[in-house]
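User: Could you walk me through the reasoning behind some of the labels used here?
Analyst: Happy to; let's take a look together.

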Amino acid sequence: MQDAIIFRGPLPNGVTKCARAQNSAQSQQFGRKHRCGREPLNSIQTTNSVHISFTEFDMDLLQLDDFDLIRVVEGDHDFHIYVKLSDETTHCQHCGKYGVIGFGRREQVIKDLPRLGKRSSIYVETRRWRCKHCGKTFYEELPHVDEKRRMTDRLVQWIGGQAVRRTNSSVAEEVGVTEGTIRLVFAEYVQRKYDAMRFATPRWLGIDEIYLIKPRCVLTNVEKLTAFDILENRNKKTVAERLARLDHRKSIELVTIDMWRPYRDAAAAVLPDATVVVDKFHVVRMLNVACETVRKALRADLSTAERRGLVNDRFLILKRKHRLNGKEHMMLSGWLENYPALAMAYEIKEAGYRIYDAKTRDDADAAFEEWRTSIPQEMKGAFGDFERAWRNWREEILAYFDCRATNAYTESLNNLIRTTNRVGRGYSFEALRAKVLLSESPEKKAAARPAFQKMLSRDLTIEMTVHEMRVPTRYEGRFGTPLSTLPEILRESDLDPKQL
């Protein structure tokens, strides 16, 4: 059992690193119950100090092998944990021979995982040794400490995982380091993840772009609804090179895109056997744009009040007729009755939407021809973009009716990317890409902790302290300790079986 002093709150006057309380008033404070509810064990109260023996429960505060706990100073915002190495160095790090002598020491402060909502720092005096044989000096190595920075290995790993889901500034504040340090740690974490991460090539590949300073290409697994990659730009060369690096790219059956020609050309060059499908949303959106063009053309002949009302109600014109409620239908009818050109444009838009109600590609093609021939001459200019898009992308548009695949997930992912970038107030492209890909990883979802379940009193009928029975605090897909292991736990404890 290790002996130690624990202070809570600011250090008392006169207390130095010898870790002794200097007045009896503090002794009353230190004599209160421990966090676990037990009275301090073997506590010795004298006139000038209080000495508290740390038990195994207190050692859990550190949870690092090769270190012995000396004392813990708990402040308002920090834990200061003083430790020493369990084993002394006996061999030279240079020649490997036995026989070294002390040659000074220095105190090092190592950042560690936050505990109980407070930052943690480990204080350890590292000894400097000199070899009796080769005469060289060296400092003893600290186990569990990162080679590049004064942090524990587990803190470095924790920072990487937290920085995926949170902003760098919030992680830096919780740990007690600068934001630049978080960025460096996160960059190394991301590189390790990329080296170990291999995404399976999707059968249905989605390609879209998002504007973050400039257009970025977003690749998704449309079938499994996961992010696949984000490219620095959407040029044909960049997209083609990325598709060419895919493993088993011949397994890709569908490629859903918007009407951006470089996507189609890249897919045709690298994935000649895949079917290219133009996303339905990008096609029907052109019908809404045409309706808006007609509505804006009417504003010149309207009064200020009418113009303001038409602007406020424009979303009714863009909404599908079968989705209008009673009030919305009445309001829209008033506008369409007063403005015949707007009513004509609305009906043409609804007829264009109904093309996608067709069951087969032949029915859809016939519905489009019927729609095209029904457009009055005065409306051909407003709806000309939709007609040209269908003519230029006919095969890719009709391919939708064979598979009914859309890029809806990719569009949703774009919104999440924008939100992530806005919360981080403008990440670099590399940082944003890492946050999206790693947070969307299936391994992350599988490793999520289960929901909390309350332990009922009938589930644990034995009253014992933490010191007498240690229940595992980290579960991996489990809700409790398996019944088969309970006898072993009881044998290792100090519990008398006769009390059961």
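User: What makes Cys-291 count as buried?
Analyst: This is a predicted model, and in it Cys-291 has a relative accessible area of 1%. Buried means under 20%, so Cys-291 gets that label.

User: And why is Cys-92 called buried?
Analyst: The reasoning is alike: the relative accessible area of Cys-92 is 4%, and the cut-off is under 20%, therefore Cys-92 is buried.

User: How many disulfides are there, and how do you know that Cys-92 is in no disulfide?
Analyst: The count comes to zero disulfides. For Cys-92, the nearest cysteine sulfur belongs to Cys-134 and lies 3.7 Å away. A disulfide needs the two sulfur atoms within 2.5 Å, so the Cys-92 and Cys-134 pair does not qualify.

User: On to the sheet. What makes E11 and E13 its edge strands?
Analyst: Five strands form an open sheet, ordered E11-E10-E9-E12-E13, with mixed pairing. Strand E11 (226–231) and strand E13 (275–278) each pair on one side only, which is what puts them at the edges. From one strand to the next, the twist averages 25°.

User: Why do E9 and E12 count as paired?
Analyst: Pairing takes at least two bridges. Strand E9 (residues 204–212) and strand E12 (residues 254–257) have three bridges, in the parallel sense, so they pass. One example is Leu-205, whose bridge partner in E12 is Val-255.

User: Which helix lies across E9?
Analyst: That is helix H17 (residues 408–423), which lies across E9, strand E10 (214–221) and E11. Helix H17 runs at about 35° to E9.

Definitions and conventions: Residues numbered from 1 in each chain as written. Predicted model: local features only at pLDDT ≥ 70, side-chain atom pairs only at ≥ 80, totals over all residues. Heavy atoms only, no water. Buried < 20%, exposed > 50% of the residue type's maximum accessible area, 1.4 Å probe, protein only. Helix = DSSP H or I, 4+ residues; strand = E, 2+ residues; numbered from the N terminus. Axes fitted to C-alpha atoms, helices over the stretch in contact; angles between N-to-C directions. Contact = heavy atoms within 4.5 Å.
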